[in-house]
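User: I have a model open and want to learn how to read it. Can you take me through its features one at a time?

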Amino acid sequence: MNHIQAALGEGLTVEGALGIAFADWRRGGYIAHKLSMSSDGFSRAELMLLVASSAEVVRNKALQSEKPAEKIREIVFIYEKLFCLIRLVETTTGSFLLLVLDSEKGNLSHARLKLSQIFSKLKYLMTRSPLATKTSNAEPGT
């Protein structure tokens, strides 16, 4: 879990980052999360709500996928004051990363790059974990 927390901490280095979560779209909750110290009123409750709503979108999209060979990789929500970037973690069934940015301060391109780096670290950590042998490698919707 310390490795996951360290990886999530890297997500908060993105300009405008408010919070980041490693979550499970099957349950609609997060496994681990971090909030920025300068989150300007962005709360854990708001992050939980975004995780739950994002999980529902990912779950529905995965179940409705017309082409199972086409895997969902990223989803971006653009709200009036927030960017929410979702990156699916394919080494575990149902896991995703959610990075929440202030839309006025955040750089979506930099956030996508950083989330890709975090994803790579988590993927490596998850494949080396003893639990990885017990976890399915299926993608959402497969």
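Analyst: We will go from the overall fold to single side chains. Keep in mind that this is a predicted model.

User: Where do I start? How many helices and strands are there in the chain?

Analyst: Start with the inventory, then the order. The chain has three helices and five strands. Along the sequence they follow the pattern α-β-β-α-β-β-β-α.

User: In what order do the strands form the sheet?

Analyst: Read a sheet from one edge to the other. Here the order is 2-1-5-4-3, the sheet is open, and the pairing is antiparallel. Strand 2 (29–35) and strand 3 (74–78) are the edge strands, each pairing on one side only. Neighbouring strands are turned by 15° against each other on average, direction ignored.

User: How many bridges join strand 1 to strand 5?

Analyst: Seven bridges link strand 1 (residues 17–24) with strand 5 (residues 95–102), and the two run antiparallel. To find the register, pick one residue: Phe22 has Leu97 in strand 5 as its bridge partner.

User: Which strands does helix 1 touch?

Analyst: Helix 1 (residues 2–11) packs on the sheet and touches strand 1, strand 2 and strand 5. Its direction makes about 55° with that of strand 2.

User: What share of the chain is buried?

Analyst: Of the 142 residues, 45% are buried. Then look at the surface. The chain exposes about 7,900 Å², and carbon and sulfur atoms supply 53% of that.

User: Now side chains. Which residues form an aromatic pair?

Analyst: Check the ring centres, then the planes. The count comes to one aromatic pair. Phe77 and Tyr79 form it, with 6.1 Å centre to centre and 35° between the planes, so it is classed as tilted rather than stacked, which would need planes under 30 degrees apart.

User: Why does Tyr79 count as partly exposed?

Analyst: Because its relative accessibility is 37%, and partly exposed lies between the 20% and 50% cut-offs.

User: Which residue lies over the face of Phe119?

Analyst: Arg87 does, at 4.2 Å from the ring centre.

User: Let me try Lys81. Is Lys81 buried or exposed?

Analyst: Lys81 is exposed, because its relative accessible area is 58% and the cut-off is over 50%. Lys81 sits in the loop between strand 3 and strand 4 (82–89).

User: What does Lys81 touch beyond its sequence neighbours?

Analyst: Leaving out residues up to four places away in sequence, Lys81 touches Leu101, Asp102 and Ser103. The C-alpha atoms of Lys81 and Asp102 are separated by 6.1 Å, although the two residues are 21 apart along the chain.

How values were computed. Residues are numbered from 1 along each chain as its sequence is written. This is a predicted model: local features need pLDDT of at least 70, side-chain atom pairs count only at pLDDT 80 or more; totals for chains, interfaces and linings use all residues. Side-chain values use heavy atoms; hydrogens and water are left out. Two strands pair if DSSP finds at least two bridges between them. Helices (H or I, at least four residues) and strands (E, at least two) are DSSP runs, numbered from the N terminus. Axes are lines fitted to C-alpha atoms, for helices over the stretch in contact, and angles run from 0 to 180 degrees between N-to-C directions. Contact means heavy atoms within 4.5 Å. Buried means under 20% relative accessible area, exposed over 50%, partly exposed in between (1.4 Å probe, protein chains only). Accessible areas come from the Shrake-Rupley method with a 1.4 Å probe; for residues, only the protein chains shown count as cover. Rings of Phe, Tyr and Trp (its six-membered ring) pair if their centres lie within 6.5 Å; planes under 30 degrees apart count as stacked, over 60 as edge-to-face and the rest as tilted. A charge sits over a ring if NZ of Lys or CZ of Arg is within 6 Å of the ring centre and within 35 degrees of the ring normal.
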